[in-house]
Amino acid sequence: REGGPALAVLENRRKTLAPGWNRGVGAARAPAVLRLDAHARVAPDFLARTLAVLAARPEAWGVGGRIVTVGEGFWGRVNAALLAHPFGVGGSRFRTGRGFGWADTVPYAAYRRWVFDVVGRFDEDLDRGEDLAFHARLRRAGGRLWLDPAIESVYVARPTLAGLLRKAWGDGLWNPRAARRAPGAMRFYHFAPPAYALALALLWAALPWIGPLPGLALLALHAAASLLAALDASRRPAPTPPEGEPQAARAGQGGRLAFVPALALAFMLFHLVRGVAVVAGLLPRPARRV
C-alpha cells in the first residue's frame, strides 16, 4: 500500500495452505501476486527474475520456473533423485527440467492480480492439491502458464524414506479430491500409480484361481523398471545447487552401490503408497469440521 509497510504478517487460523494464500491475495495491492512454500529456497534475485519473465510474456496469466531438488544425508539424496526423475514424478517438467514453455502447472507462480478476479481464489476445502485445482480452473477460463528456465528455486527433499512416503500418501490422497473440485487437475501420468495398485489388488484377489505367477511377474517388472530408473538417475549429472545448499540429487561414485538399490526400493514403495492413496482419495470424504 502507498505509504504503508513493505511487509505485513497475516494470521492464518485455519493452519492449512489455501486459507493463508487467500489472505495474502486479499491483502495484495500490487499488479502481480507471487506465492512461495516452506520447502522452497530462492536466490535474492528470484523475485526480479520472475517479474521480468512475467513482463516479457504478456499472454501468460502466470509464470514459474524449474525446481532444483537437493537432499541432506543419504536418504535425502535418494529422495531428491526420485523427485527429479520422470519415473518418480512423471510429467512434472518443472521438477525434471525436461522441456520449458507452456505448461499445465508451474511451481511458486507469479500471477497477474486480475487472474484472481476471473478464476477466484484457492479452494479452502483442499488441504493439498489446491494449486493443481486452481491451475485447472485457470486453464478452463482460457488462461495459460509459462514455465521458464530463467526462474529457479531450490527444494529440499525430506531426509528419511518415511518422510517421502508420507508425502506420497498425502499428495495421492488429495489429488483426486482436487480433481473432483476442478476437473482436469489430475493429468494422465497421475493415474499410473493407482492403476498399478489396483492391478496388484486384483491379482491378489484372483490368487486362488490364477496362482501367484501373474502377481509375481508384475512385481518383477516393476522392480526391473525401478532398478533401471535408479541406474539412470545415478549416472545423470547432478544439478549444481546454489552456494550454501546441501548436495544435489545424484550420488557420488563412492555411494553408488548403496544408492542404486535404495533408490529402486524408494521408487517401488513411492508408487505403491501413492497408488493406494489415490484409490483411497476416490472414496467419499467425511464433512470437514469448521
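Helices (H or I, at least four residues) and strands (E, at least two) are DSSP runs, numbered from the N terminus. The structure is a predicted model, in which local features need pLDDT of at least 70 and side-chain atom pairs count only at pLDDT 80 or more, while totals for chains, interfaces and linings use all residues. Residues are numbered from 1 along each chain as its sequence is written, and side-chain values use heavy atoms, with hydrogens and water left out.

**Exercise 1. Find the helix that holds Thr50, and describe the surroundings of this residue.**

Step 1: Thr50 has its place in helix 2, which covers residues 46–56.

Step 2: With a relative accessible area of 1%, Thr50 is buried, where buried means under 20% relative accessible area, exposed over 50%, and partly exposed in between (1.4 Å probe, protein chains only).

Step 3: The side chain of Thr50 reaches the backbone oxygen of Phe46 at 2.8 Å.

Step 4: Not counting residues up to four places away in sequence, Thr50 touches Leu34, Val63, Ala110 and Ile151, where contact means heavy atoms within 4.5 Å.

**Exercise 2. Work out which residues of the largest nonpolar core touch the most other members.**

Step 1: A nonpolar core is a set of buried Ala, Val, Leu, Ile, Met, Phe, Trp, Tyr and Cys residues joined through side-chain atoms within 4.5 Å.

Step 2: The largest such core has 53 residues, and those that touch the most other members are Val63, Leu82, Leu83, Tyr111, Phe134, Leu138 and Leu263. Helix 12 (residues 256–281) gives the most to this core, with eight residues.

Step 3: Val63, when its neighbours within four places in sequence are left aside, is in contact with several residues, among them Thr50, Val53, Trp146 and Ile151.

**Exercise 3. Locate the partners of the salt bridge between Arg187 and Asp104, and say how accessible each of them is.**

Step 1: A salt bridge is a side-chain nitrogen of Lys or Arg within 4 Å of a carboxyl oxygen of Asp or Glu, and a search of the whole structure finds 11 of them.

Step 2: In this one, the side chains of Arg187 and Asp104 meet at 2.9 Å, N to O. Because Arg187 lies in the loop between helix 8 (161–181) and helix 9 (192–205), and Asp104 in the loop between strand 4 (101–103) and strand 5 (110–112), the pair ties together parts that are 83 residues apart in sequence.

Step 3: Arg187 counts as partly exposed at 28% relative accessibility, and Asp104 is partly exposed, with a relative accessible area of 31%.

**Exercise 4. Describe the salt bridge between Lys167 and Asp171, and then place both residues in the largest pocket.**

Step 1: The side chains of Lys167 and Asp171 meet at 2.9 Å, N to O. Both residues lie in helix 8, four residues apart, which is about one turn of the helix.

Step 2: Lys167 counts as buried at 14% relative accessibility, and Asp171 counts as buried at 16%.

Step 3: The largest pocket has a volume of about 1,100 Å³. On a 1 Å grid over the protein atoms alone, a pocket is an open set of points where a 1.4 Å probe fits, with protein on both sides within 12 Å along at least five of seven lines, and lining residues have an atom within 4 Å of a point; the volume is the space filled by probe spheres set on the points, which are joined across faces, edges and corners.

Step 4: Of the 41 residues that line this pocket, the closest to its centre are Phe94, Arg95, Lys167, Asp171 and Arg274. Helix 4 provides the largest share of the lining, four residues.

Terms used. A polar contact is a pair of N or O atoms within 3.5 Å; within protein, one must be able to donate a hydrogen and the other to accept it, and residues adjacent in sequence count only if both atoms are side-chain atoms.
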